[in-house]
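User: I'd like to learn how to read a fold like this one, feature by feature. Can you walk me through it?

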Amino acid sequence: MKKLNRRLVKPVLFVVDFVMVTALLVTSILQTPVLVDVAVTPIVTSTSTQTPTQTPIPVPKIERVLVISYDGMRPDAISKAPMPNLLKLMENSAYSLTSAETIAYPSTLPSHASMLSGLCMQDTGIVFDRYFKYMGYSKGVDIFDLAHKAGMRTVMIVGKDKLRQLAEPETTDVFEIRYDEASISKIAVEEIQKDFGLMFVHFPTPDKVGHKYTWMGYSYLKVLTFGDDALRDILTALDDNGLRETTLIIVTADHGGHDKNHEGTVIQDFRIPWIIYGPGIVPGELTVPIQTMDTAATVAYALDLTLQPDWEGIPVYEAFGQTRLKVHKEYIQHPCHE
Ligand SMILES: [Zn+2]
């Protein structure tokens, strides 16, 4: 009996020793600063039948946000143009092509004011689609106010002069106007090289061509491919400067259109694409109703800026895989219509 015990004890002790030595070795490896990465790398065994260790991967911090608005881009035009770079981005994005809308007055200046401020048109005071200097800048607290106050470098590159009215000059460190997609993306690339906290890029041409030749026509779809080339250059610049992993990107539009206008007579005038890509975003189609004011709220949420109590916009929490604590009432077609 004793003999048997000794024979059993010896291998058991050996195993215990082996485990302890291994544990000490692993501990010492993990404590070595140069090998710190080992501690956060999930251990994947070579046996295919075993499940890899489910180590939670920390969500990288969002350090900057880029909002891209294609003027007058209908969501159903993206695949028809087609826009291969945007479609590729969408594979890893949360997106809505059927449930996002702009305000009651689906026009460039009022829509963009709501997009960047989270407010309805009556609160931004931007009630005309023209730049009236005497009316002042968009009222209320917008994301440029918040980001600039937080010490971020703010950049606005637009394709129409009137967009100056969207933000006070003192809140935009850089404000540039260029009139075609290639020139706009060239400036954007230069600004990406200098880094930024908040950047708004506006591509004007789909709207101009839609008014001239018709929405969804050959020319309209063709210029969207130019806008897609511009997106490719912007994404490449983010990659080249090592910024892509920490940048949140929202691609959207101010309004849609039909025939040669967007006066708000059909749903296609109001419907906008809403695509979000970046750290923490759960790819897939979004189901919640989205209003253009939610863009501002989502930017503020992502950059840890204060959500303003008077904003109509609500962060699109669903895009971050979170239960939406607050949603737009089902389904007021346009909350900013009252
Ligand atoms: Zn427009």
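User: Let's start with helix α11 (residues 293–302): how many of its residues are buried?

Analyst: Keep in mind that this is a predicted model. Burial here is a neighbour count: a residue is buried if 20 or more other C-beta atoms lie within 10 Å of its own. For α11, 10 of its 10 residues are buried. Among them are Met293, Asp294, Thr295 and Tyr301, so don't expect nonpolar side chains alone on that list.

User: What covers the buried residues of α11?

Analyst: The cover includes strands β1, β7, β8 (274–277) and β10 (290–291), along with helices α4 (108–117) and α6 (143–149).

User: And what comes after α11?

Analyst: Here's the general idea: most residues other than glycine have a negative phi, and most peptide bonds are trans. Asp304 follows α11, and its phi is near 60°, a positive value in a residue other than glycine. Asp304 is exposed, because its C-beta has 9 other C-beta atoms within 10 Å.

User: Which other backbone spots should I look at, say Met216 and the bond between Ala81 and Pro82?

Analyst: Met216 has a positive phi of about 70° and isn't a glycine. You'll find Met216 in the loop between α8 and α9, and it is partly exposed, with 18 other C-beta atoms within 10 Å. Ala81 and Pro82 are joined by a cis peptide bond, with omega about -15°. Pro82 belongs to the loop between β1 and α3. There's also Gly242, which follows α9 and has a positive phi near 65°; that one is a glycine.

User: Now helix packing. What is the angle between α8 and α9, and how far apart are their axes?

Analyst: Two packed helices are described by the angle between their axes and the distance between the axes. For α8 and α9 the angle is about 170° and the axes are 9 Å apart. The two helices are therefore roughly antiparallel, since angles over 145 degrees fall in that class. On the α8 side, the meeting residues are Thr205, Pro206, Val209, Gly210 and Tyr213; on the α9 side, they are Ser219, Tyr220, Val223, Leu224, Phe226 and Gly227. By class, that contact has seven nonpolar, four polar and no charged residues.

User: How does α3 cross α9?

Analyst: Helix α3 (residues 84–91) and helix α9 (residues 218–240) have axes that come within 7 Å and cross at roughly 55°. That makes α3 oblique to α9. Pro84, Asn85 and Leu86 of α3 meet Asp228, Leu231, Arg232 and Leu235 of α9. This contact divides into four nonpolar, one polar and two charged residues.

User: Which residues of α9 are buried, and what covers them?

Analyst: An α-helix has 3.6 residues a turn, so residues three or four places apart point the same way. The buried residues of α9 include Tyr220, Val223, Leu224, Gly227, Leu231, Leu235 and Leu238. Their cover includes α3, α7 (181–194) and α8 (205–213), plus the strands β1 (64–70), β6 (198–203) and β7 (247–252). A quick length check works too: the 23 residues of α9 should span 33 Å at 1.5 Å a residue, and the end C-alpha atoms are 33 Å apart, which agrees.

User: Where does α9 fit in the nonpolar core?

Analyst: The largest nonpolar core has 85 residues, and those with the most contacts inside it are Leu116, Ile143 and Ala296. Eight residues of this core come from α9, the largest share. Leu116's partners include Ile143, Phe144, Leu166, Phe200 and Ala296.

User: One polar case, then: is Asp254 buried or exposed?

Analyst: Asp254 counts as buried, because it has 28 C-beta neighbours inside 10 Å. Look for Asp254 in the loop between β7 and α10 (267–270), where it touches residues including Ser69, Asp71, Thr102, Thr108 and His112. Asp254 and Thr102 are 152 residues apart along the chain, yet their C-alpha atoms are separated by 6.6 Å.

User: And how much of the whole chain is buried?

Analyst: Buried residues make up 43% of the 338 residues, in a chain with 11 helices and 10 strands.

Terms used:
Residues numbered from 1 in each chain as written. Predicted model: local features only at pLDDT ≥ 70, side-chain atom pairs only at ≥ 80, totals over all residues. Helix = DSSP H or I, 4+ residues; strand = E, 2+ residues; numbered from the N terminus. Buried ≥ 20, exposed ≤ 12 C-beta atoms within 10 Å, placed from the backbone. Axes fitted to C-alpha atoms, helices over the stretch in contact; angles between N-to-C directions. Parallel < 35°, antiparallel > 145°, perpendicular 65-115°, else oblique. Contact = placed C-beta atoms within 7 Å. Expected span 1.5 Å × (residues − 1). Core = buried A, V, L, I, M, F, W, Y, C linked by C-beta atoms within 7 Å.
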